[in-house]
Amino acid sequence: MTKETPQKKTERLPMIPIRDVVVFPHMMIPFVIGRRTSVLALEFALEGSKRIFLATQMDASVDEPKASDIYAVGTAANIVQSVKLSDGNIKVLVEGVQRVKAIRHSDEPGFFVADVEILEETSLSSARSNLLIKKLQTIFEQFSKLSHHVNYDAILNAMKTLEPSKLADNICANLPISIEEKQQLLEMVDLAERIEKINEIIEVEMEKIKVDRNIQGRVKRQMERAQKEYYLNEKMKAIQKELGRKDEKSELDDLKKQIEEAKMPKDAHEKAMKELQRLEMMPPMSAESTVSRTYLDWLIAMPWNKKSREIRDIKWSGKVLEEDHYGLEKIKDRILEFLAVRSLVRKPQGTILCFVGPPGVGKTSLGKSIARATGRKFVRLSLGGVRDEAEIRGHRRTYIGALPGQIIQYMKKAGTRNPVFMLDEVDKMSMDFRGDPSSALLEVLDPEQNHMFVDHYLDTEFDLSMVMFIATANVLHTIPRPLQDRMEVIQLSGYTENEKLEIAKRFLVRKQIEASGLKEKQIKFVDEGLLEIIRKYTRESGVRNLEREIANVCRKTAKKIVTGEIKSNEVTAEEVEKLLGRQRFRLQGISDSNQVGLATGLAWTEVGGEVLQTEATLMQGKGQLTLTGKLGEVMQESAHAAMSFVRSRAAVYGIGREFPRKMDLHIHIPEGAIPKDGPSAGITMATTIVSALTKIPVRKDVAMTGEITLRGKVLPIGGVKEKLLAAHRAGIKNVLLPKDNEKDLQDLPQDILEALNVNLVETMDEVLQAALEKMPVPIRVSEISEINDILPNENVAH
């Protein structure tokens, strides 16, 4: 009979792949766990035996490693301690126990689990063990005296350890070698072979240290020689000065001349001359002299007394604004008013405007037009994502590599004291531990303070009062109130269909024809073709996507002309569909027929108005109200208010009083992935609830917006212009609007007002009268009287 080989011990352990470290047995090490799979593996281990398999990744840059990316041999370790950190990560302290090798991997529980076999080390005789320990301790002690990488505790542990395996592993953990070499040592089961390899590595490292020290000594001698040469050069300069051989026009004289020519204010001039005197006393090669020279260069380069000659011809400026932009009458009037004041007042206050509107309506390009119309230089600073106060005020010169803030840098770039300075995306600033840039802007945008703006780097006052600041934003609510208070806010609403058509004909078509290398006789856009693009291939408040689609048509036409398919192209509605494919958007908000429990609402978004349909359906239940469609807290409260109002008027609207006990109501607003919030859908949800409970369909050609109260009052809302433009784009003819929003209708173009039938409402009864096919019939007069006795006066039916 043949003797059977004893089976190796195996164990099933949760596995954590670790990066940039190899854990050895007998080694106590802390590390942080952040990956979700590793956290799950740790939690599984903590619930069980508190043993875990730690294996090193072959490539530390791989965030989600596979089994093939991890070394098979690792260490089984005991979890000593674990602490959950504030950022969600877990700090864990482990103690290596023994070498193990993974036989199989599995990730079915959501984390790595490995079947591991224990790797038993070869044993040594007592005499050989003592000999190897003594030799290893001696060479490690020599190495620790040469190297600064080994800590004192590691040396003490090595001197005290009498077990060769533990000694070898402790030394391996403290050697300054690569991860690959440490992994190789971990995989060595033969103890004698491992100790010999460690001795060999230590000897190589000691040789490297000796060579490095020789090189350092040589460099030190070279530095001493360089210092000697510097001293002799300075002595030669002094001798030449004594002999009268100094250059007539030295660098310092040039600087002094430039300081005088810069015409700085008194304080800045004194600082520049003082810094020049310091520079004269410094050695030319010192680091401090470079800092002083850079500071003087910035002071000299600033436009202390340079101004652009303004154009104050209002007629010419008005012509320029008309050439560059269609519509935007309010803004054009404001610019012309500014020019009129400039022509009458010798020293008017600086102007600080804030253009607020959806993307693509021309806020940034309008700033360029204002600069051209006024004859000023134009600079643009994007503030999106800026979260450091030093970006505005600069760094103090005590920091290495310090520079002025962006305000001063762009003033230098403009080269004049009175540019048009655009602060783009001012609503997208944020703040962190480095400060709040929006607070730093308070001084910049305050006409009472910005004439003495102090940048931390320049450390002297700079006059910003002649600058025309123009900020742009998509929304106002993210801009701090003190900053809003310092700016004159001008709202830019989305463009109507007719305005987009005119903008395309006047600007976009010509621009894209030139960009595509075509000539006007080779391509012609007719109005029907442009309207087809506007209605079916874009949905936006601005004209950015419209310009892209026009460019797309031009490119496809250019390709056909170059390949010889056509000589010219007339872009009609049919041609647009051939070139751009099937339509991308369809009209929203209009259902095929009047339906029960389906009403059309109007919403405001950062990119303009939208049409939203609101659905309600009834089910057998116990009076539960379900709300879906990713609704915000305010919108949910509005739905509950609408439900409470309908319940209070149940008998008036012909609804049985038992419905809250026997029926569940589900309100849903489609496009459920998009977050929605605000109170303006109140009357829309109330209408869908009444329609669902009374089985009376809602008119498909009516859209509505307004906040509802428990007493059935309709309160005013915001974004009226954008919402009505959205209704017009969707082809809706009738709009229900709160009575208190009547004043906002003045902002709408006349053609939109003529196309829409705007019905101003004050109560929910008026809403239902206009929105439902017919008014609900009350249940009984006696029941209504009974209800009216217990409800407030506002709920009484008239």
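# Notebook: burial, rings and contacts

**Helix α5.** I began with α5, residues 179-187, where K182, Q183, L185 and L186 are buried. I then looked down the axis of α5: its buried residues fall within an arc of 160°, so they line one face of the helix. The general pattern fits here: an α-helix has 3.6 residues a turn, so residues three or four places apart point the same way. I note that this is a predicted model, and I read everything below in that light.

**Helix α18.** Next I listed the buried residues of α18, which spans residues 527-536. They are G529, L530, L531, E532, I533 and I534. What do the buried residues of α18 pack against? I found two strands, β14 (523-525) and β15 (569-571). I also found the helices α17 (497-515), α19 (544-562) and α20 (573-580).

**R194.** I looked up this arginine in helix α6, residues 191-242. Is R194 buried or exposed? R194 counts as buried, because its relative accessibility is 0% and the cut-off is under 20%. I then pulled its contacts, leaving aside neighbours within four places in sequence. R194 is in contact with R99, E121, S165, A168, D169, L185, M188 and V189. One of these, L185, I had already noted as a buried residue of α5.

**T472.** I moved to strand β12, residues 468-473, which holds T472. T472 counts as buried, at 1% relative accessibility. Which side chain does the side chain of T472 meet in a polar contact? It is that of D424, at 2.3 Å. I also listed what T472 touches, not counting residues up to four places away in sequence. The list runs F355, K363, M422, L423, D424, E425, V426 and D427. D424 therefore appears in my notes both as a polar partner of T472 and as one of the residues T472 touches, at a site where T472 has 1% relative accessibility.

**Aromatic pairs.** I counted ring pairs and got 6 in the structure. I opened the pair F44 and F111: the ring centres are 5.4 Å apart and the planes are at 45°, so the pair is tilted. The angle falls between the cut-offs of 30 and 60 degrees, which means neither stacked nor edge-to-face applies. Where do the two rings lie? F44 lies in helix α1 (residues 36-47), and F111 in the loop between β5 (90-106) and β6 (113-118). The pair thus ties together parts that are 67 residues apart in sequence. I checked accessibility for both rings' residues. F44 counts as partly exposed at 45%, whereas F111 is buried at 7%. I also found a cluster: ring pairs link Y410, F421 and F469.

**Charges over rings.** I looked for lysine and arginine ends above aromatic faces. The charged end of R397 sits over the ring of Y295, 3.7 Å from the ring centre. K412 lies over the face of W298, at 4.2 Å from the ring centre.

**A402.** R397 came up again when I looked up A402. A402 sits in the loop between α13 (390-393) and α14 (406-414). A402 is buried, with a relative accessible area of 13%. Leaving aside neighbours within four places in sequence, I found A402 in contact with H395, R396, R397 and Y457. I also took a long-range separation from this residue. The C-alpha atoms of A402 and T688 are 62 Å apart, and the two residues are separated by 286 places along the chain.

**Positive phi.** I checked two residues that are not glycine but have positive phi. D20 has a phi of about 60° and lies in the loop between β1 (10-18) and β2 (28-33). K695 has a phi of about 65° and lies in the loop between α23 (682-694) and β20 (702-704). Are these loop residues buried or exposed? D20 is exposed, with a relative accessible area of 60%. K695 counts as exposed too, at 56%.

**Cysteines.** How many disulfides are there? I counted 0. I looked at two cysteines all the same. C354 counts as buried at 0% relative accessibility. C554 is buried as well, with a relative accessible area of 0%.

Technical notes: Residues numbered from 1 in each chain as written. Predicted model: local features only at pLDDT ≥ 70, side-chain atom pairs only at ≥ 80, totals over all residues. Heavy atoms only, no water. Helix = DSSP H or I, 4+ residues; strand = E, 2+ residues; numbered from the N terminus. Buried < 20%, exposed > 50% of the residue type's maximum accessible area, 1.4 Å probe, protein only. Contact = heavy atoms within 4.5 Å. Phe/Tyr/Trp six-rings, centres within 6.5 Å; stacked < 30°, edge-to-face > 60°. Lys NZ or Arg CZ within 6 Å of the ring centre and 35° of its normal. Arc of directions from axis to C-beta. Disulfide = S-S within 2.5 Å. Polar contact = N/O pair within 3.5 Å; in protein donor to acceptor, adjacent residues only side chain to side chain.
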